[in-house]
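Got your viewer up and a selection box ready? Let's take a walk through this one, stop by stop.

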Amino acid sequence: MAKADLDWENLGFAYRSLPQRYVSNYANGTWDEGGLTSDSTVAISECAGILQYCQEVFEGLKAYETADGHIVTFRPDLNAARMYDSAAYLEMPSFPKERFLEAVDAVVKANRDYVPPYGTDASLYLRPFIFASGEVIGVKPADEYQFRLFATPVGSYFKGGIKPIRLCVSAFDRAAPHGTGHIKAGLNYAMSLHAYMAAHAAGFDENMFLDAATRTHVEETGGANFLFIKKDGTVVTPKSPSILPSVTRRSLVYIAEHVLGLKVEHRPVAFEELNDFAECGLCGTAAVISPVGSVTHGDQVIAFPSGMEHMGPVLQKLYDTLRGIQLGTVEAPEGWIRKIC
Ligand SMILES: *Cc1c(COP(=O)(O)O)cnc(C)c1O
């Protein structure tokens, strides 16, 4: 099959409706057989649970073309497991993990002409989600749900080169203690939009959220976890029950320890400590790592020694190793790469 005729170098990050997506519906206590469909629209009751009380969870992962021409996904089992947990926490039926993986494979295969070619730094972004399709007016979990998984090709996150970004400490909170911060739910994003627009209006790229209870410890941004590098090369990553467990962060921590032989500390990180770090980055599926140049908190500005021009050397090494694993140029730890075709 031939690749689609797209401008792979200039895709950006936007939705493009591809030929096929996967749908399975839940009713009477079970998921139906499910399958591919060309229909990109969803028809639901005006009283569907998703529209009234926001019962929805989602995932995000990518398919890549490797150096030797295969199409692979990166640790999709962790996305399947996380979505399983997210759904349970919102009183939604979890989608079986094995079926999640089959749906990923089916959608990638059916749209394989849209997987960007190796070397473009673009990828096929996959968006699985579950939402309440059943009618609900009194507050309770719905009886009917839909699992849907679509794909869309996305461009390199760093068009025009990787440049460090500027953060501000948000005046708003992302996640309450004992709340929903650790699950991947659309509701966490709905409430982050005001903080995001406020940060942009003030000239920053992203927010740093602190722990809501004490406002003394670093949590994460709206959609990425933090990695810090100490001056002695130790990797430090914040620990809190309200941080979303990023697949990218967990993978980078493993690489730091087991591939690069670095020391890793996964523990609460006080905001005060930022002054001691040499490098700072955000990690998530979208960019793998985006370097952070500075964090502004009121009239205090913390500028990391790695500066505003480049990613710091330790983060760069972590980035290169993880990208190499995804693209098949660095040997992957057992079970990390799922070859689709
Ligand atoms: C999805 C997400 C991340 C990044 O997770 P990855 O699995 O690495 O993509 C980080 N924080 C939040 C709040 C998220 O929703």
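Which residue in E10 is the bridge partner of Cys-168? Select Cys-168 and look across: the partner in E10 is Asn-207. Keep in mind as you go that this is a predicted model.

**Stop 1: strand E9 and what pairs with it**

Now widen the selection to strand E9, residues 165-169. Most of E9 is covered, with 4 of its 5 residues buried. E10 runs parallel to E9, and 3 bridges join the two. Add strand E15, residues 288-297, and you have another parallel pairing with E9, this time over 4 bridges. Cys-168 turns up here as well, standing opposite Thr-296 in E15.

**Stop 2: Arg-166 and Ser-294**

Stay in strand E9 and pick Arg-166. Is Arg-166 buried or partly exposed? Its relative accessible area is 35%, so Arg-166 is partly exposed. Leave out the neighbours within four places in sequence, and the contacts of Arg-166 are Gly-203, Phe-204, Asp-205, Glu-206, Ser-294 and Met-308. If you want a distance to draw, try the C-alpha atoms of Arg-166 and Leu-274: they are 14 Å apart, with the two positions 108 residues apart along the chain.

One of those contacts of Arg-166 is Ser-294, so hop over to strand E15, where Ser-294 is found. Ser-294 counts as buried because its relative accessibility is 6%, under the 20% cut-off. Again setting aside neighbours within four places in sequence, Ser-294 touches Ile-165, Arg-166 and Leu-167, and also Val-301, Ile-302, Ala-303, Phe-304 and Met-308.

**Stop 3: strand E7 and its partners**

Next, select E7, residues 123-132. Of its 10 residues, 9 are buried, so the strand is mostly covered. Show the partners one at a time:

- E4 pairs with E7 in the antiparallel sense over 3 bridges, and Phe-58 stands opposite Phe-129 in E7.
- Strand E5, residues 61-65, is also antiparallel to E7, with 3 bridges; here Lys-62 stands opposite Tyr-125 in E7.
- Strand E8, residues 145-154, pairs with E7 over 10 bridges, antiparallel once more. Look for Phe-131 opposite Gln-146 in E8.

**Stop 4: two loop residues with positive phi**

Got a Ramachandran plot handy? Find Arg-75, which has a phi near 50°, positive even though the residue is not glycine. Arg-75 sits in the loop between strand E6 (71-74) and H2. With 14% relative accessibility, Arg-75 counts as buried.

The other one to click is Asp-121, also not a glycine, with a positive phi of about 70°. Asp-121 belongs to the loop between helix H3 (97-110) and E7. At 33% relative accessibility, Asp-121 counts as partly exposed.

**Stop 5: the two domains**

Zoom out and colour by domain. The domain assignment gives domain 1 as 21-154 and domain 2 as 165-326. Taken over C-alpha atoms, the domain centres are 26 Å apart. The contact takes 20 residues from domain 1 and 23 from domain 2.

**Stop 6: the largest pocket**

Time for the pockets. Which residues lie nearest the centre of the largest pocket? Select Tyr-157, Tyr-189, Glu-206, Gly-223 and Ala-286, out of a lining of 47 residues. The volume of the largest pocket is about 1,200 Å³. Among the elements that give two or more residues to its lining are strand E4 (56-58), helix H2 (76-89), strand E7 (123-132), strand E10 (206-208) and helix H6 (247-259). Keep your domain colours on: each of domain 1 and domain 2 supplies at least three residues to this lining. Recolour by class and the lining shows 19 nonpolar, 19 polar and 9 charged residues. Glu-206, one of the residues nearest the pocket centre, has already appeared on this tour as a contact of Arg-166.

**Stop 7: the second largest pocket**

Last selection: Asp-211, Glu-219, Ser-240, Pro-241 and Ser-242, which lie nearest the centre of the second largest pocket. About 220 Å³ of space lies in this pocket, and 19 residues line it. By class, that lining divides into 8 nonpolar, 8 polar and 3 charged residues.

Methods:
Residues are numbered from 1 along each chain as its sequence is written. This is a predicted model: local features need pLDDT of at least 70, side-chain atom pairs count only at pLDDT 80 or more; totals for chains, interfaces and linings use all residues. Side-chain values use heavy atoms; hydrogens and water are left out. On a 1 Å grid over the protein atoms alone, a cavity is a set of points where a 1.4 Å probe fits but cannot get out, and a pocket is an open set with protein on both sides within 12 Å along at least five of seven lines; lining residues have an atom within 4 Å of a point. Grid points are joined across faces, edges and corners, and a volume is the space filled by probe spheres set on the points. Ala, Val, Leu, Ile, Met, Phe, Trp, Tyr, Cys and Pro count as nonpolar, Asp, Glu, Lys and Arg as charged, and the others, Gly among them, as polar. Domain bounds come from an automatic or database domain assignment. Buried means under 20% relative accessible area, exposed over 50%, partly exposed in between (1.4 Å probe, protein chains only). Two strands pair if DSSP finds at least two bridges between them. Contact means heavy atoms within 4.5 Å.
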